[in-house]
Amino acid sequence: MCRIPQSDLKQVMEAHAGRLMAIPGVVGVALGELDDGTPCIQILVARLTAALRRKLPTRLEGHPVALVESGPIRPL
């Protein structure tokens, strides 16, 4: 399995975070892993709908993206 350096992944996530967060329904972005352990960028959404799925990328600059339905995120 190819391991992607976390620093590269973090830079890509930070470069796209503003654009992703501007999409209605997106509540966060984070670093994570796919089920097989591959590092990925997670896009957290309040509710994952078919329309939202069509708007969001499956890869960013060659890195895999995972869509995660987290529900609304509120500050404590």
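These legends accompany several close-up views of a predicted model.

**View 1. The whole chain, with two helices and four strands.**
Let's start with the overall picture before moving in. Along the sequence, the elements of the protein follow the pattern α-β-β-α-β-β. The radius of gyration is 12 Å, close to the 11 Å that the globule rule gives for 76 residues, so the protein is as compact as a globular protein of that length. Along its principal axes, the C-alpha trace spans about 30 × 25 × 25 Å. Of the 76 residues, 37% count as buried. Contacts between residues at least 6 apart in sequence join residues at least 24 apart in 50% of cases.

**View 2. The surface and its charges.**
The protein exposes about 4,900 Å², and carbon and sulfur atoms supply 55% of that area. If you like to look for charged side chains, there are 9 positive and 7 negative ones to find. The centres of these two sets lie 11 Å apart.

**View 3. An open sheet of four strands.**
Here the strands take the order S1-S2-S4-S3, and their pairing is mixed. At the edges are strand S1 (26-33) and strand S3 (59-60), each of which pairs on one side only. As a reminder, strands of a sheet pair through backbone hydrogen bonds, either parallel or antiparallel. Both senses can be followed from S2 in the next two views: S2 pairs with S1 in the antiparallel sense and with S4 in the parallel sense.

**View 4. The hairpin of S1 and S2.**
S1 and S2 pair in the antiparallel sense over seven bridges. A handy place to pick up the pairing is Val-29, whose bridge partner in S2 is Ile-43. Another is Val-26, which stands opposite Val-45 in S2. Five residues lie between the two strands of the hairpin. Within the turn, Gly-37 has a positive phi of about 95 degrees.

**View 5. Strands S2 and S4 side by side in the sheet order.**
Strand S2 (residues 39-45) and strand S4 (residues 63-69) pair in the parallel sense over five bridges. Two partnerships help to find the register. Ile-41 has Val-65 of S4 as its bridge partner, and Leu-44 has Val-68 of S4. S2 is mostly covered, with six of its seven residues buried.

**View 6. The surroundings of Val-45 in strand S2.**
Val-45 is buried, with a relative accessible area of 0%. What is Val-45 in contact with, leaving aside its neighbours within four places in sequence? The contacts include Gly-25, Val-26 and Val-27, together with Leu-52 and Leu-56. Val-68, Glu-69, Ser-70 and Gly-71 are also in contact with Val-45. Among these, Val-26 is the residue standing opposite Val-45 in the pairing of S1 with S2. For a sense of scale, the C-alpha atoms of Val-45 and Thr-58 are separated by 14 Å, and these residues are 13 apart along the chain.

**View 7. Glu-61 in the loop between S3 and S4.**
This one is worth a pause for anyone who enjoys backbone angles. Most residues other than glycine have a negative phi. Glu-61 is not a glycine, yet its phi is positive, at about 50 degrees. Is Glu-61 buried or exposed? With a relative accessibility of 57%, Glu-61 counts as exposed, because the cut-off for that class is over 50%.

**View 8. His-63 in strand S4.**
His-63 has a relative accessible area of 12% and is buried, because that value falls under the 20% cut-off. Look also for Met-13, which is 50 residues away from His-63 in sequence. In space, the two are 9.5 Å apart, C-alpha to C-alpha.

**View 9. Arg-54 in helix H2 (residues 50-55).**
Our last stop is a residue of the helix H2. Arg-54 is exposed, with a relative accessible area of 67%. Pro-64 is 10 residues from Arg-54 along the chain, and the C-alpha atoms of the two are separated by 16 Å.

How values were computed:
Residues are numbered from 1 along each chain as its sequence is written. This is a predicted model: local features need pLDDT of at least 70, side-chain atom pairs count only at pLDDT 80 or more; totals for chains, interfaces and linings use all residues. Side-chain values use heavy atoms; hydrogens and water are left out. Two strands pair if DSSP finds at least two bridges between them. The radius of gyration is taken over C-alpha atoms; the globule rule is 2.2 Å times the number of residues to the power 0.38. Buried means under 20% relative accessible area, exposed over 50%, partly exposed in between (1.4 Å probe, protein chains only). Contact means heavy atoms within 4.5 Å. Accessible areas come from the Shrake-Rupley method with a 1.4 Å probe; for residues, only the protein chains shown count as cover. Lys and Arg count as positive and Asp and Glu as negative; His and the chain ends are not counted. The place of a charge is taken as NZ of Lys, CZ of Arg, CG of Asp or CD of Glu.
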